[in-house]
Amino acid sequence: METRQIITITVILVALLSPACDSIDFRGVYSAYETVDQRFDQSMEWNQTHESREINVPGENYVLYVMADSHVGKTNHLDTFFHDAENEHAGAAVMVGDLTEGHASDYQTFEAHLPAPGSLRTFPIAGNHDLYFDGWKSFHSLFGTSTYTFVVHTPTASDLYICLDSGGGTIGNKQLAWLKSILQQRRNQYRHCAVFSHVNLLRFRPTLSTNPFVQEVKVLLDLFLRHNVNMVVNGHDHNRNTAVFGPTTYIITDALSDECNHAGYLKIYISKAKPDYQFVRF
Amino acid sequence: MKSSTAHKLILVLSFTGMFTTSRAQATVQTYIDVGENNVSEGTFIKNACQVDYGFNRFILAAATQFDINGNAAHVFSGLHLSASRLLQIKTFPVKIKGYYILNRFSELMHETDWGVRFSTRKLPHFLFETGINFRTYTINSNARNDYQVDKANSKLHENFNLIYRISVYLKPYPNRWNLALSITNTDHFLVNQPTNPIFNLQGLYRIQPRLLIHFESWYESAGVFNISTNYFGYFFRTGIQWKLDKS
């Protein structure tokens, strides 16, 4: 191939790819800004210096609003999600990663659209896009942690919710050890238990979005059966899907992003019976 | 002798004749893996043994894997069965392989994979392989009883997973020694999702015509296709391959 042809092709490729550079941080292909273990350590440090996350709800039944992949920038769907959650007096809103595109300005926009303090409890976790462009620093500054538990107390029962950081495609060995200890020591104290993690564990369709390594998937499947986890909720794939394996319902929720044709979110209904769910599409 | 018995005998003799009169070749190989990853809880050591039997242009293979050290639930942790056929499609030498893999990774459940692969060494410095895999996770019957799991909820399927391997060899194949760099999502007892490539550097040396030794280093990086990479694991492998040539 002649040099002139190579240069022409290179210029065309750069021109085509340059708009994507604003939303894709190509450094992430070969090097992370922080490892999952480093983010875990920072999350644990933040957890230890802040009060535990507990919510009291007045009735035996309550609903959790769950969204993923808002990819702020645009915020129309995000506003609708919080508006719907507040209107229905949701127990909490869980935000399962890819909240932003990683830029500091995206985090500022996201913060500006969060519900007013006291109106709705929100629980965010980091996704892969949130880590782009050194985004963990903004996430950590705004939210403090991406690995934690929160508990919802009804008058007669308590439910345990576990939030994991899988933004790097793996939960890492430290976070796995933490997850195991939480399930072993605390799961039996609670009525229901659900796990939230951005990267979808299971692969229901051909897609470029990736999952944890199969070795990690198998360890987690075993853990969730062994400890009777009722629900595992993921985002990342931008397409809803569900499967039941043992006692666990695995759910991938739609993307909330304004750019998504089939955008939506998830509602989880908690009662004495097994947790139920409903997809909501815009 | 009844005619049905005679027919059966003829079939058996024909089948045996196919093995004994044709150009048959058996190969035995064994290797050992030492490594660690984010879920291994320390160093793991695995050993595998494989027997290949080739006749005409067919190859039958059976392999077993043993977990010697690590957090595996069973010592006998893997089984791999395959049948291959060598073809010539125009100028392309192609190997078609049907396979079945059993992974006993837990006391409560197991994984099965099956599929078909196509590979070619048309270009002497390259190996290209692609195929389709079907994976099923199954909760064992004793676990279904212990955890009151409905049989309808005891299986999880991941279908039509693309598998691939691209290997670049320093020397043209075949050569007495070689170095190869590979990117793949599959190993003897492992089929990863297509978006989780694994990188492998392999060195091999044929000590004598029937004895080959190899050494490999594997690196697993999570999140590559998420453009948010993170170390997952690595392992080293060494083994020998011994050709029991009858010709």
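This tour moves through a predicted model, with a selection to make at each stop and a note on what is found there.

**The contact between the chains**

Begin by selecting chain A and chain B together and displaying the residues where they touch, a set that takes 49 residues from chain A and 45 residues from chain B. The area buried between chain A and chain B is about 3,800 Å², and carbon and sulfur atoms account for 61% of that area. As for polar interactions, 20 residue pairs are in polar contact between chain A and chain B, counting pairs with both residues at pLDDT 80 or more. On the chain A side of this contact, at least two residues each come from helix H6 (172-186), helix H7 (214-226) and strand S9 (241-245) of chain A. Colour H7(A) separately, for this helix supplies ten residues, the largest share of the side of chain A that touches chain B. By class, the residues on that side of chain A divide into 24 nonpolar, 17 polar and eight charged.

Three salt bridges are counted between chain A and chain B. To view a salt bridge across the two chains, select B:Glu41 and A:Lys180, whose closest N and O atoms are 2.7 Å apart.

**The second largest pocket**

Next, centre the view on A:Val219, B:Lys46, B:Asn71, B:Ala72 and B:Phe105, which are the closest to the centre of the second largest pocket among the 34 residues that line it. The space in this second largest pocket comes to about 810 Å³. Chain A gives two or more residues to its lining from each of H6 and H7, while chain B does so from strand S1 (24-37), strand S2 (44-55), strand S3 (58-69) and strand S14 (230-245). Which element gives the most to the lining of the second largest pocket? Keep H7(A) coloured, since that helix gives the most, with six residues. The lining of the second largest pocket divides into ten nonpolar, eleven polar and 13 charged residues.

**The cavities**

Switch now to a clipped view, as a search of the whole structure finds two cavities of 30 Å³ or more. For the largest cavity, which holds about 90 Å³ of space, select A:Gly28, A:Ala32, A:Tyr33, A:Leu131 and B:Ser228, the residues that lie nearest its centre out of the 14 that line the cavity. The lining of the largest cavity is made up of five nonpolar, six polar and three charged residues.

The second largest cavity, with a volume of about 80 Å³, is lined by 13 residues, and those nearest its centre are A:Leu164, A:Ser197, A:Val199, A:Leu201 and A:Leu220. Strand S7 (193-197), H7 and strand S8 (231-234) of chain A each supply at least two residues of the lining of this second largest cavity. Here H7(A) again deserves a selection, as the helix that gives the most to the lining of the second largest cavity, with three residues. By class, the lining of the second largest cavity has nine nonpolar, three polar and one charged residues.

**A salt bridge within chain A**

Over all chains the salt bridges number 22. For one of them, select A:Glu88 and A:Lys267, whose closest N and O atoms are 2.9 Å apart. This pair links distant parts of the chain, 179 residues apart, with A:Glu88 in the loop between helix H3 (76-87) and strand S3 (92-96) of chain A and A:Lys267 in strand S11 (residues 264-270) of chain A.

**Two backbone details**

For the last stops, show the backbone alone, bearing in mind that most residues other than glycine have a negative phi and most peptide bonds are trans. Where does B:Pro174 lie? B:Pro174 is found in the loop between strand S8 (155-169) and strand S9 (177-184) of chain B, and a cis peptide bond with an omega of about -5° joins B:Tyr173 and B:Pro174. Finish at A:Asp69, which has a positive phi of about 60° although this residue is not a glycine, and which is placed in the loop between strand S2 (62-67) and H3 of chain A.

Methods
Residues numbered from 1 in each chain as written. Chains lettered and ligands numbered in written order. Predicted model: local features only at pLDDT ≥ 70, side-chain atom pairs only at ≥ 80, totals over all residues. Heavy atoms only, no water. Contact = heavy atoms within 4.5 Å. Buried area = accessible area lost by both parts, 1.4 Å probe. Salt bridge = Lys/Arg side-chain N within 4 Å of Asp/Glu carboxyl O. Polar contact = N/O pair within 3.5 Å; in protein donor to acceptor, adjacent residues only side chain to side chain. Helix = DSSP H or I, 4+ residues; strand = E, 2+ residues; numbered from the N terminus. Nonpolar A, V, L, I, M, F, W, Y, C, P; charged D, E, K, R; others polar. 1 Å grid on protein atoms, 1.4 Å probe; cavity = no way out; pocket = protein on both sides within 12 Å on 5 of 7 lines; lining within 4 Å. Points joined across faces, edges and corners; volume = space filled by probe spheres on them.
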